[in-house]
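Me: I am new to this structure and would be grateful for a close look at selected side chains, taken one group after another. Please explain the reasoning where a cut-off decides the matter.

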Amino acid sequence: MRLSGFRAVAALGGLLACAAPLHAQGYHIRWDTWLQSAAFRGVSLDSVLASETEIGEGGGSYYDGIAVKCGTGADFCTYFDLGEERRGAPLTSTIDASIWGFGIQGLKLHVKGRYNTDLEDGNVWPGTRPQGQLLEAYAEYSNPLLTVQAGRTHVYSRLGFWGFDGAQATIRPIGGRLKLSAYGGWALAEAALLPVNSEDLNPLDDYQPAEREVIVGGTAGVSLSGFDLRVIYQRLIDTEVDRPTSDRGAVEAAVRPGAGFTVTGGMEYNFGQGDIGTSNVQVAYQDPGNWVRLVVGNRWYRPTFPLWSIWGVFSPAGYSTRYGSIGLYVIPGLELRTRGEAYSYNQGGSLVDNSGDTENPPSPLSVATEDSGWRWSAGATYAGLRWLVLDATYAAQYGPGASSQGFNGRITFEPLRQVALTAHGGYLERPLEYRFWDAEVYSYGARLELQPIPGIFANVGAIRYDETRERPDALRSEWDHWRFSAGLTFVLSSSGSRSRGLHPSILRIPEMRGSR
Amino acid sequence: MKALVTLAVASVVAAAASTGPADRGSHVPLRDGFDHEKHGMLMGDCSACHGGITSGEAAYPDPSYCASCHDGTMVRRVDWSPPSDGSPANLKFSHTAHPQLECAQCHVQETAVVRANVATCMACHGISEHQNPQVSDCSMCHVQPPAPSSHSFEWRAQHASEASASPEQCATCHVRSDCLACHRPDAASPAGGYHPADFLQGHPAAAYNRQTECSTCHNPGQFCQACHQQAGLVSDGRDLGAGYHDGNRNFIGGHGLVARQNLESCVACHTERDCLRCHTRFNPHGSDFDAERWRKTNPTVCAACHGAAIPGGD
């Protein structure tokens with residue numbers, strides 16, 4: 001947000017706060033602070049003279065037992081050595097504040113801001129720049145018929161999650177069964193708090209737009225008993241050349257015919273490129289007694305790139321996936337679950353199949369690759385006792401480019417409502433198809449959560465990683481390290497409520513217990 | 001931006017003026033159809049039947065009290081018993097905590113006895129935000145509802161379609177700002193609670209196989225490239241194929257199929273200029289590439305390779 005705009009919103013807030021009686025002011029403030037210390041170790045490109053290498057078993061070139069890559073006729077060969085250990089200590093502090101009670105029913109100010117820094121030298125952790133980040137800052141008026149927001153806000157739909165500095169309005173006529181909304185402003189980049197022309201956004205600095213994009217869009221939705229339908233349109237415009245960098249639409253629906261069935265689905269269309277984007281349909285069944293939940297679905301996924309980059313012209317291939325899952329709740333508090341998915345890439349639409357063409361045969365250097373994959377998982381959670389949660393999951397996947405398998409488990413012990421202690425561990429094996437390295441890592445950790453007094457929440461955690469990086473040469477390595485985290489949350493509300501700020505229903509999801 | 005703020009303020013004032021500050025909504029009739037107006041002539045006031053409600057005693061009269069008239073002789077017998085399902089809603093409201101209120105303040109609309117609605121509470125409590133799902137903390141007024149049965153183990157990974165199609169369903173319990181915990185995770189929290197604790201170690205396979213769409217929450221430039229650059233994985237002008245892909249020594253010769261299947265992974269390390277070193281000479285377009293539509297939509301990207309001589313251009 002431009003500074004002048006932010007000042008205007010702040011001034012409006014101050015004016016309204018002073019105009020209303022103090023006892024009528026309502027507020028809810030949540031202040032989260034997180035600190036983490038983590039390490040990672042990448043790779044470092046090195047080279048040797050070609051004359052110092054030798055041909056090893058299998059015909060490859062080696063230097064001192066290390067596989068190297070030698071270009072034809074080149075004087076030197078290259079290889080990736082282990083990189084140095086990089087350690088980051090990101091600190092994040094986020095304030096989320098809502099203020100209302102200005103004498104106009106339905107008027108609210110909302111601000112969510114964040115301070116980031118890396119306490120270690122080198123600033124190695126992603127997402128810590130800029131240090132000050134404004135997630136939301138808007139004034140809102142809302143009544144049953146109308147909602148208007150102005151300031152820094154966001155929209156979400158199946159086209160993505162977009163922030164912008166501008167305004168959006170929603171009207172809900174016919175008792176809310178019809179919903180029409182429109183929005184516009186200066187866009188932030190997708191899934192970022194920075195505009196697309198920010199230096200912090202693109203460290204590789206290629207075809208980054210010089211000016212900030214403008215975003216416009218709207219939705220029309222109908223909500224009837226057991227049926228929701230929504231049509232979406234959104235366009236982003238490069239203001240420097242006055243051309244769209246994204247021009248997309250979508251339709252989506254959710255149908256609840258009863259008897260425990262829910263059908264959801266939708267389809268995207270890229271007007272800029274003229275192709276159908278990610279589409280899906282899913283059927284879920286939940287029996288009335290909540291003993292079983294079944295989900296089956298089909299999804300066609302097509303990656304989308306902005307038109308200011310060239311990536312889309314490479315005709316990225318989408319894939320079609322079929323998935324299903326079963327959740328069984330055989331006794332109170334016990335969930336047994338499994339999920340499977342199989343997918344295959346669509347080649348015909350984007351690749352020229354010349355396998356039968358004798359005049360233009362496929363390149364003899366073609367990389368043998370997979371064009372399909374699968375993944376599945378199975379697990380169980382027991383949360384039948386107030387003071388104990390047991391959880392274990394096994395997951396495996398294999399697909400073009402990578403595969404992995406592993407398991408993790410945890411035990412959460414809550415002797416008091418104000419204290420939760422979690423111990424967790426896991427194993428992961430992750431060979432990558434185009435690299436020598438097959439890494440396996442064991443992790444063991446513990447986490448303590450406390451609520452010493454109402455409105456204050458604290459947590460500390462530590463994880464030990466023992467990693468082995470296998471490869472058939474002298475660069476086989478082991479790397480073990482610790483990771484630490486700590487968090488502190490203050491909640492202050494005019495109502496006197498001191499809840500965590502997350503709704504209890506969120507915390508009742510088994511996976512969320514112990515995660516905040 | 002000043003103009004925008006002015007416009008917003010004007011909109012707010014206009015909307016407020018059109019709606020009025022005391023739109024209390026419509027009241028809901030009682031569930032059991034009991035005719036209070038008819039019985040009121042006999043009972044005199046509410047306390048005749050509900051006298052114990054503010055002291056925490058019985059909120060309803062004993063059925064025998066009805067039978068004192070409805071004895072089948074004077075008037076017909078009735079089959080009535082007090083509701084057994086407790087509070088009619090998931091409210092924390094307690095009559096004993098509101099002894100100062102007259103019954104009619106909440107339960108009388110014109111001459112009809114009705115259930116109190118939310119706007120009645122808001123008139124005193126000054127929250128005025130119930131229609132606004134973005135206000136934090138529903139638990140201020142509501143008891144803890146159980147999580148819907150749809151929120152099973154895979155809900156976090158599968159909620160997008162339903163949340164987008166019918167966001168009002170989510171707003172029954174959730175506030176919008178909650179979405180930002182995962183959709184714009186902060187740098188220091190362990191992945192905002194979305195990923196498991198050891199996800200950093202295992203993210204290559206998940207990202208490569210598109211187990212989840214990383215760009216839903218992470219900007220590839222700010223997050224993926226920045227970190228890969230620190231880890232030494234970014235090509236950044238080096239010769240293509242040097243080392244990283246040496247699991248297959250002829251990778252570059254046939255990388256097209258791989259690249260098209262996993263372009264999002266390629267761009268986590270490679271710059272556009274890496275590809276354009278060769279692809280200004282070798283056609284990168286697939287068979288379904290609609291060049292004419294691209295040119296009409298935004299010819300800027302075409303000019304990266306074609307310069308001013310964009311095929312099909314004027």
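Reply: **Selected side chains and their surroundings**

A:Leu294 counts as partly exposed, because its relative accessibility is 35%, and partly exposed residues lie between the 20% that bounds buried and the 50% that bounds exposed. The model discussed here is a predicted one. A:Leu294 belongs to strand E17 of chain A, which covers residues 292–301. At the surface, A:Leu294 takes part in a nonpolar patch together with A:Ile326, A:Leu328, A:Val330, A:Ile331 and A:Leu336. The accessible area of these residues together is about 440 Å². The 35% of A:Leu294 fits the requirement that patch residues have over 30% relative accessible area.

The aromatic rings come next. Over all chains, the count is 19 aromatic pairs. One of them is formed by A:Phe164 and A:Tyr183, with 5.7 Å from centre to centre and 25° between the planes. This pair is classed as stacked, because planes under 30 degrees apart are counted in that way. The two rings connect distant parts of the chain, for A:Phe164 lies in strand E10 (residues 160–171) of chain A and A:Tyr183 in strand E11 (residues 178–187) of chain A, 19 residues apart. Both A:Phe164 and A:Tyr183 are buried, whereas A:Leu294 is partly exposed. Ring pairs also join A:Tyr301, A:Tyr319, A:Tyr343 and A:Tyr345 into a cluster.

A further tyrosine, A:Tyr207, has a charged partner in chain B: the charged end of B:Arg273 sits over its ring, 5.6 Å from the ring centre. The 5.6 Å of B:Arg273 and A:Tyr207 meets the requirement of a distance within 6 Å.

The cysteines complete the account. Over all chains, the structure holds one disulfide. This disulfide links A:Cys70 with A:Cys77, the S to S distance being 2.0 Å. The link of A:Cys70 and A:Cys77 is right-handed, with 105° about the S-S bond. As to burial, A:Cys70 counts as partly exposed because its relative accessibility is 30%, while A:Cys77 is buried because its relative accessible area is 0%. In chain B, B:Cys224 is in no disulfide, and its nearest cysteine sulfur, that of B:Cys214, is 5.8 Å away. B:Cys275 is likewise in no disulfide, with the sulfur of B:Cys266, the nearest cysteine sulfur, 7.2 Å away. Neither distance, 5.8 Å or 7.2 Å, qualifies, because a disulfide requires sulfur atoms within 2.5 Å.

Methods:
Residues numbered from 1 in each chain as written. Chains lettered and ligands numbered in written order. Predicted model: local features only at pLDDT ≥ 70, side-chain atom pairs only at ≥ 80, totals over all residues. Heavy atoms only, no water. Patch = residues over 30% accessible without salt bridge, like charges linked within 9 Å, V, L, I, M, F, W, Y side chains within 5 Å. Areas by Shrake-Rupley, 256 points an atom, 1.4 Å probe, with all protein chains shown as cover. Salt bridge = Lys/Arg side-chain N within 4 Å of Asp/Glu carboxyl O. Helix = DSSP H or I, 4+ residues; strand = E, 2+ residues; numbered from the N terminus. Buried < 20%, exposed > 50% of the residue type's maximum accessible area, 1.4 Å probe, protein only. Phe/Tyr/Trp six-rings, centres within 6.5 Å; stacked < 30°, edge-to-face > 60°. Lys NZ or Arg CZ within 6 Å of the ring centre and 35° of its normal.
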